[in-house]
Amino acid sequence: MSQQMDSSLVLKIAEKFFIKGNPVTAKRVGSGHINDTFQILTDSLNEPDYLLQRINHYVFKDVEALMQNILIVTEHIRAKLIKEGAGDVYKKVLTVVPAKDKKLYYIDENSDYWRVYVLIDPTQSYDVLETEQQAREGGRAFGRFQEQLTDLNSNSLKYTIPDFCNIDFRLKNFHQAMQRNAALRRDEVQNEIEYIIQREDQMRSILQMAERGEIPLRITHNDTKFNNVLLDKGDKALCVIDLDTVMPGYVAYDFGDAIRTIINHAAEDEADLTKITLNIPLFSAYTDGYFENARHFLSPHEIESLIEGVLLFPYMQAVRFLTDYLDGDIYYKVHHKEHNLQRTRAQLKLAFEVETHREELNSIIHTMANKHLIHIQ
Ligand code: ADP
Ligand code: GN1
Ligand code: MG
């Protein structure tokens, strides 16, 4: 689909869903790398507006299971919010709008898959954060999200992408991509390959903790980029979005991926590597907000695992971007020919920065854990 997909076609797709009023305008929104997202406004003033998404079927092979997962998770959270007497529940959890045939998605004549959510509005989301308040709110939101799911049976969820955060799996794919050298780009990325290979063993620490039975599988979000939290106009967190990868995982994964976007002074794909430095105050604020809610369920070993997540995620993201670069850009949307390489370099610089500051970051985690009176072994 072209970037300028005809808005009349998008509106026609919106009409396939149970929406109130007639859809009148469609505007592309968001900066995600996977799905295509459109804001749909209707002619009905007293009803909500909508968010229409084309689900990337290359990435998500089983859309039926994906949408069932999302329904289970959102209904679980909604029931809790209602029980607590929370106001504006539809702003605090995503609401799936079914298609007119009652399915949770619609397949168009090109075999593209679509879904609709109620639009949460007005809101903002940030690719790069600006303030400690935003970071603290992000921590609160993802801590609360994990807490809300602690009592949901993880067997009820399917793995929408198996081994999604498994570094062994990501490295195996990376080595295969190197062997294939499908886009004939291997020679130009020898330095990046070497950097990744040197660190393979040390990146297994979370898997090793799991193998020793120290950390439990919980239900985690698995894509905790900061722009997957919607904030209100006063920068208070409203809702965690982008639930495609909610499935069993380790809490360190969500912590690490969130920190990957929060701690970086620059964007995920910053071309000027000197701009990629650590924003420690935002790291502290996120960690503080996270423990406010996560303190209710985290075990001492899980707290110890958090720093490993911080080290793993920029590295694993670099492995994934470089794999896609070697494959010829088939997974992530790219905006220019070298985009995946630029992203790889930026994430490796960030991985280097967090590795260099490991002790300082871990000591902040401990200080914040103590502040929230969490016992550490
Ligand atoms: P992607 O997988 O492409 O990142 P997301 O589900 O994160 O897709 O959505 C992309 C963007 O659309 C978000 O960053 C956010 O700005 C906006 N968005 C998504 N869902 C909603 C919603 N229910 N209400 C308002 N805005 C939303
Ligand atoms: C993708 O959809 P989006 O842009 O929120 C990716 C994440 C990566 C992220 C890197 C399903 O997330 O895993 O961390 O890009 N999502 C999927 O920016 O692969
Ligand atoms: Mg997103």
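**Exercise 1. Place ligand 1 relative to the domains.**
Task: In this predicted model, state where ligand 1 lies relative to domain 1 (7–118) and domain 2 (132–371).

Solution.
- Step 1. Check which domains supply the shell. Domain 1 (7–118) and domain 2 (132–371) both give residues to it.
- Step 2. Conclude. Both domains contribute, so ligand 1 lies between them.
- Step 3. List the nearest residues. The shell has 16 residues, and Gln53, Val118, Ile120, Asn228 and Asp242 come nearest.
- Step 4. Sort the shell by type. It holds seven nonpolar residues, eight polar and one charged.

**Exercise 2. Find polar contacts of ligand 1.**
Task: Give the distances from ligand 1 to polar atoms of glutamine 53, valine 118 and serine 125.

Solution.
- Step 1. Start with the side chains. A polar atom in the side chain of glutamine 53 sits 2.9 Å from an oxygen atom of ligand 1. For a polar side-chain atom of serine 125, the distance to a ligand 1 oxygen is 3.3 Å.
- Step 2. Turn to the backbone. Valine 118 places a polar backbone atom 3.1 Å from a nitrogen atom of ligand 1.
- Step 3. Add the cover. On its own, ligand 1 has 550 Å² of accessible area, and the protein covers 91% of this.

**Exercise 3. Describe the magnesium site.**
Task: Name the protein donors of the magnesium ion (ligand 3) and classify each as buried, partly exposed or exposed.

Solution.
- Step 1. Identify the donors. They are Asn228 (OD1) and Asp242 (OD), 2.2 Å from the ion.
- Step 2. Locate them in the chain. The two are 14 residues apart. Asparagine 228 belongs to the loop between strand E7 (218–220) and strand E8 (229–231). Aspartate 242 belongs to the loop between strand E9 (237–240) and strand E10 (247–249).
- Step 3. Apply the cut-off. Asparagine 228 has a relative accessible area of 4%; buried means under 20%, so asparagine 228 is buried.
- Step 4. Repeat for the partner. Aspartate 242 has 26% relative accessibility, so it counts as partly exposed.

**Exercise 4. Characterise the shell of ligand 2.**
Task: Which residues are closest to ligand 2, and how much of ligand 2 does the protein bury?

Solution.
- Step 1. List the closest. Among 16 surrounding residues, these are His33, Lys225, Glu268, Gln317 and Tyr331.
- Step 2. Check the oxygen contacts. A polar side-chain atom is 2.5 Å from a ligand 2 oxygen for glutamate 268 and 2.8 Å for lysine 225. An N or O atom in the asparagine 228 side chain lies 3.5 Å from an oxygen of ligand 2.
- Step 3. Read the cover. Ligand 2 alone exposes 450 Å², of which the protein buries 97%.
- Step 4. Sort the shell. It divides into five nonpolar, four polar and seven charged residues.

Methods. Residues numbered from 1 in each chain as written. Chains lettered and ligands numbered in written order. Predicted model: local features only at pLDDT ≥ 70, side-chain atom pairs only at ≥ 80, totals over all residues. Heavy atoms only, no water. Near = heavy atom within 4 Å. Polar contact = N/O pair within 3.5 Å; in protein donor to acceptor, adjacent residues only side chain to side chain. Areas by Shrake-Rupley, 256 points an atom, 1.4 Å probe, with all protein chains shown as cover. Nonpolar A, V, L, I, M, F, W, Y, C, P; charged D, E, K, R; others polar. Domains from an automatic or database assignment. Donors = N, O, S within 2.8 Å, 3.2 Å for Na, K, Ca; no water. Helix = DSSP H or I, 4+ residues; strand = E, 2+ residues; numbered from the N terminus. Buried < 20%, exposed > 50% of the residue type's maximum accessible area, 1.4 Å probe, protein only.
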